[in-house]
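Visitor: Please show me the model, and then let me ask about it slowly, one point at a time.

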Amino acid sequence: MPLQPVTRRSVPDAVFDQVLTEVVDGGIEVGEALPSERRLAEVLGVSRPAVREALQRMAQTRLLDVRHGGATTVRDFRRYGGLDLLPMLLVRGGRVDAAVARSILEARLAVGPGVAALAAERGGPALEALLAESVDALAATEDGVEQQQHALAFWDHVVDAADSIVFRLLFNSLRAAYEPALEALAPLMAAEVGQPGAYRLLAAAIGAGDPETARAAADHVLRPATTSILSALEALEES
């Protein structure tokens, strides 16, 4: 394993990042036993408690199979990992994984219109006032980061109204992965958050209890930035 001595961040976090990268990139194969805590501590130049904490975190995210008195082996994260892995997979080693970013965008575009349709069915007229507040705040600023924050507040209300624990947890995970990159994404997201009129149409459709119009309006809101960012990611991967 080409692990490197830890020199940044909190020690357990840095150990976690390095081992996670090896697992995800295939440097450590599924089913392979990890070196002992002692050996990992020696290679990484850290204490055994720091290694133990990092491995415990990985076990909690179902990346490792820890057997007391036996070997700690790698599990297939694609089969056993949960949505809590998304933020960790998106940015590894200080770099954005383009494939993960693409998957998040595709999921957002596929799921968002359905969530909007459910909100229209279940939210009621009172929801429109909450959504209007978020749109007003979005329209009142030209700062790209603030616009994204108001858009997130808008969708937070929509997800609440959809009354689906699965969509709520999915939204939480996508948001956790997305929020750290707000500043970097501001230019690409301008095509989406810079159109308050489209958000107003979506809010009106949800408030009117019109699921199909809400579905179409949500697609209209989400698609421009999704298309733009996916094109940028494709160009990045080809370069």
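Guide: Let us begin with a word for cover: a residue is called buried under 20% relative accessible area, exposed over 50%, and partly exposed in between, with a 1.4 Å probe and only protein chains counted. This is a predicted model, in which local features need pLDDT of at least 70 and side-chain atom pairs count only at pLDDT 80 or more, while totals for chains, interfaces and linings use all residues. Residues are numbered from 1 along each chain as its sequence is written, and side-chain values use heavy atoms, leaving out hydrogens and water.

Visitor: What share of the residues in the chain is buried?
Guide: The secondary structure of the chain comes to twelve helices and four strands (DSSP runs numbered from the N terminus, H or I of at least four residues for helices, E of at least two for strands). Of the 239 residues in this chain, the buried share is 42%.

Visitor: Is Thr61 buried or exposed?
Guide: Thr61 sits in the loop between helix H3 (48-60) and strand E1 (64-66), and, leaving aside residues up to four places away in sequence, it touches Gly81, Asp84, Leu85 and Met88 (heavy atoms within 4.5 Å). Because its relative accessible area is 7%, Thr61 is buried.

Visitor: Which helices hold Asp156 and Arg175?
Guide: The side chains of Asp156 and Arg175 meet in a salt bridge, 3.9 Å from N to O, the term meaning a side-chain nitrogen of Lys or Arg within 4 Å of a carboxyl oxygen of Asp or Glu. Asp156 is partly exposed at 22% relative accessible area, and Arg175 is likewise partly exposed, at 23%. The pair ties together parts 19 residues apart in sequence, because Asp156 and Arg175 lie, in that order, in helix H8 and helix H9.

Visitor: How does Arg168 count, as buried or exposed?
Guide: Arg168 forms a salt bridge with Asp160, with 2.8 Å between the closest N and O atoms. Its partner Asp160, at 48% relative accessibility, counts as partly exposed, whereas Arg168 itself, at 17%, counts as buried.

Visitor: Which residues do salt bridges that share partners join into one network?
Guide: Consider another pair beforehand: Arg223 and Asp219 meet in a salt bridge of 2.8 Å, N to O, and both are partly exposed, Arg223 at 39% and Asp219 at 23%. These two lie four residues apart in helix H12, about one turn of the helix. Elsewhere, salt bridges that share partners make one network out of Asp156, Asp160, Arg168, Arg175 and Glu179.
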